[in-house]
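Please take a moment to look at the fold below before reading on. The paragraphs that follow lead through it one part at a time.

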Amino acid sequence: MSAAAVEQPVDPKTREPLTLLEEANKLMEQLPGYRVEIIGGVLTVTPPPDGPHAEVLTDLMLPFLTAGLHGQETKVMQGIGLWLPNGPEDYAIPDLSIVDADYKKHPRGNNCYDPEVFRLVVEVTSSNHNNDLRNKVVAYAQAMIPVYVIVNRKHGRVHLLTDLADSGYDRHRIYAPGEKITLPGSIGAEVTLDVAAILAIGRH
């Protein structure tokens with residue numbers, strides 16, 4: 001007869017505290033549909049997006065797909081994990097990304113990938129718009145993400161951040177409805193975005 005394993009009661013006082021990454025993974029299990037990230041050593045939890053948020057992402061994908069960016073050289077991805085160099089456990093989950101097609105060869109743990117494979121990231125603001133406009137600007141610049149696009153639904157603008165410098169992004173252009181954005185060719189193709197159309201879709 002085989003002996004059964006006996007579990008000793010664990011004294012909560014002697015239990016090792018969870019790491020921030022373990023806390024994040026625990027929250028993801030407890031809150032399905034929520035986005036859990038660690039940015040600048042701070043754990044952030046974002047509620048599930050509304051319908052217009054998701055619709056903006058779908059419409060944003062179309063010009064990228066039409067330009068051939070989802071092919072042999074690059075892939076257009078939603079919700080792919082980006083490992084950040086800001087801290088030992090930092091990571092973000094951009095709404096939309098253009099990554100090198102061989103991204104699978106560059107895992108960094110916790111279902112995240114090395115920032116070097118990311119050519120562009122897009123965030124569509126929701127309840128945590130300050131996170132996209134401030135904390136993630138710093139985080140993505142430190143991760144050397146060459147192009148960062150923010151669809152600012154709260155203020156009716158689209159931000160384009162490019163030209164990495166020591167202090168962050170050297171170029172931060174804000175576009176209003178009626179303007180069009182031509183994205184840098186470094187993403188792999190020529191893509192132009194219609195600001196008015198994007199913002200109209202994103203209205204609540």
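In this predicted model, strand E9 and strand E10 (residues 148-152) lie side by side in the parallel sense, joined by 4 bridges. A pair that you can look for is Val-124 and its bridge partner in E10, Val-151. To get from E9 to E10 the chain passes through helix H3 (residues 129-142), and this β-α-β crossover is right-handed.

E9 is also paired with strand E6 (residues 96-100), again over 4 bridges, but here the two strands run antiparallel. In this pairing Ile-98 stands opposite Leu-120 of E9. How enclosed is strand E9 (residues 118-124) by the rest of the structure? Of its 7 residues, 6 are buried, so E9 is largely enclosed by what surrounds it.

Part of those surroundings is helix H2 (residues 51-66), which has 16 residues and spans 23 Å from its first C-alpha to its last, close to the 22 Å expected at 1.5 Å a residue. At the start of this helix, a side-chain oxygen of Asp-50 comes to within 2.9 Å of the backbone nitrogen of His-53, while after the helix comes Gly-68, whose phi is positive, near 85°. The buried residues of H2 are Pro-52, His-53, Val-56, Leu-57, Leu-60, Met-61 and Phe-64. When reading such a list, it helps to remember that an α-helix has 3.6 residues a turn, so residues three or four places apart point the same way. The buried residues of H2 pack against several elements, among them E6, E9 and E10, together with strand E3 (74-78), strand E14 (192-194) and helix H4 (195-202).

A single residue in another strand, His-159 of strand E11 (residues 157-165), is worth following in the same careful way. Is the side chain of this residue found in a buried or an exposed position? His-159 has a relative accessible area of 8%, and because buried means under 20%, it counts as buried. Its side chain makes a polar contact of 2.8 Å with the side chain of His-172, and another, of 3.2 Å, with the side chain of Asn-152. Leaving aside residues up to four places away in sequence, His-159 touches a set of residues that includes Leu-133, Tyr-148, Val-149, Ile-150, Arg-173 and Ile-174, as well as its two polar partners Asn-152 and His-172.

Note on methods:
Residues numbered from 1 in each chain as written. Predicted model: local features only at pLDDT ≥ 70, side-chain atom pairs only at ≥ 80, totals over all residues. Heavy atoms only, no water. Buried < 20%, exposed > 50% of the residue type's maximum accessible area, 1.4 Å probe, protein only. Polar contact = N/O pair within 3.5 Å; in protein donor to acceptor, adjacent residues only side chain to side chain. Contact = heavy atoms within 4.5 Å. Pairing = 2+ DSSP bridges. Right-handed = clockwise from strand over helix to strand, strands pointing away. Expected span 1.5 Å × (residues − 1).
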